[in-house]
Amino acid sequence: MDNFPIINLENLNGDERKATMEKIKDACENWGFFELVNHGIPHDLMDTVERLTKEHYRKCMEQRFKELVSSKGLEAVQTEVKDMDWESTFHLRHLPESNISEIPDLSDEYRKSMKEFALKLETLAEELLDLLCENLGLEKGYLKKALYGSKGPTFGTKVANYPPCPKPDLVKGLRAHTDAGGIILLFQDDKVSGLQLLKDGNWVDVPPMHHSIVINLGDQLEVKKKTFF
């Protein structure tokens with residue numbers, strides 16, 4: 001299996017720009033995924049978001065998840081569970097209108113950090129869309145406009161925790177799926193390899209890397225990609 005594509009965005013600023021653009025093009029055509037390093041999001045902000053996310057789960061969500069597992073009798077299952085994901089989640093909406101102030105139990109520090117992180121992700125997503133436009137021979141901003149809804153772009157964050165599972169062979173953390181939307185930016189755990197993608201009939205681990213951002217082309221962009229490439 002080919003090595004998972006890792007893109008160093010700093011290389012776009014020098015002599016390696018052409019090779020880096022080719023690497024992005026190959027990743028889009030043949031993987032639909034790639035991993036970004038040196039993407040411009042401050043590492044201290046990423047560390048803060050990770051810390052606050054784990055603290056929020058422990059304080060506000062862990063007990064509820066345990067009660068859910070107990071109510072469904074999942075700790076005693078003997079056959080594969082196919083109708084549930086082993087995850088504890090909540091969703092934040094950033095655009096067209098933010099709902100961060102409406103989410104209960106979030107600390108002021110967490111709200112502030114998530115707003116700042118979302119702005120950085122939005123900037124990075126727009127930069128990536130323009131890089132894809134460049135590879136496709138499209139004018140700058142084309143893909144951003146193509147993904148606009150009637151009220152502008154839709155942008156949100158799914159915050160997910162995957163607690164230890166007593167029967168990991170019988171319960172999936174997250175079932176196989178595709179992602180809707182245009183482009184997905186994932187800040188994953190840097191120690192546990194839990195994310196996989198299906199390539200050429202084989203499940204491939206997405207390598208955990210400290211302070212990286214994983215990029216996934218969503219269904220809408222996948223359709224457009226097949227149209228242009």
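Where α1 meets α3 in this predicted model, the contact brings R17, M21, I24, K25 and C28 of α1 up against L131, L132, E134 and N135 of α3. Sorted by type, the residues of this contact split into five nonpolar, one polar and three charged. For describing such a pair, the angle between the helix axes and the distance between them are what you want. Here α1 covers residues 17-30 and α3 covers residues 108-136, with axes that come within 10 Å and cross at roughly 95°. Angles of 65 to 115 degrees count as roughly perpendicular, so that label fits α1 and α3. The spacing of the α1 contacts is worth a look too: an α-helix has 3.6 residues a turn, so residues three or four places apart point the same way.

Now for α3 by itself. Its 29 residues reach 42 Å from first C-alpha to last, close to the 42 Å expected at 1.5 Å a residue. Right after α3 comes G137, with a positive phi near 75°. Helix α3 also lies across three strands, namely β2 (33-37), β5 and β8, and runs at about 130° to β5.

Those strands belong to a sheet. What is its strand order? The order is β1-β2-β8-β5, in an open sheet of four strands with mixed pairing. At the edges sit β1 (6-8) and β5 (183-186), each pairing on one side only. On average, neighbouring strands of the sheet are turned by 30° against each other, ignoring direction.

The mixed pairing is easy to see strand by strand. β1 and β2 run parallel and are joined by three bridges; I6 has E35 in β2 as its bridge partner. β5 and β8, on the other hand, pair in the antiparallel sense over four bridges, and L186 stands opposite V214 in β8.

Is β2 mostly covered or mostly open? It is mostly covered, with five of its five residues buried. In a regular strand the side chains alternate between the two faces of the sheet. In β2, F33, E35 and V37 are on one side and F34 and L36 on the other, and all of them are buried, so both faces are covered.

The loops hold a few backbone details to check if you're going through torsions. The table lists two non-glycine residues with positive phi.

| Residue | Phi | Loop | Relative accessible area |
|---|---|---|---|
| D200 | about 55° | between β6 (196-199) and β7 (202-205) | 63%, exposed |
| H211 | about 65° | between β7 and β8 (213-217) | 11%, buried |

Why does D200 count as exposed while H211 is buried? Exposed means over 50% relative accessible area and buried means under 20%, so the 63% of D200 puts it in the exposed class and the 11% of H211 makes that residue buried.

There is a cis peptide bond as well: it joins L95 and P96, with omega about 5°. P96 lies in the loop between β3 (88-95) and α3.

Finally, D15 is in the loop between β1 and α1. With a relative accessible area of 84%, D15 is exposed. D15 and I215 are 200 residues apart along the chain, and their C-alpha atoms are separated by 24 Å.

Note on methods
Residues numbered from 1 in each chain as written. Predicted model: local features only at pLDDT ≥ 70, side-chain atom pairs only at ≥ 80, totals over all residues. Heavy atoms only, no water. Axes fitted to C-alpha atoms, helices over the stretch in contact; angles between N-to-C directions. Helix = DSSP H or I, 4+ residues; strand = E, 2+ residues; numbered from the N terminus. Parallel < 35°, antiparallel > 145°, perpendicular 65-115°, else oblique. Contact = heavy atoms within 4.5 Å. Nonpolar A, V, L, I, M, F, W, Y, C, P; charged D, E, K, R; others polar. Buried < 20%, exposed > 50% of the residue type's maximum accessible area, 1.4 Å probe, protein only. Pairing = 2+ DSSP bridges. Expected span 1.5 Å × (residues − 1).
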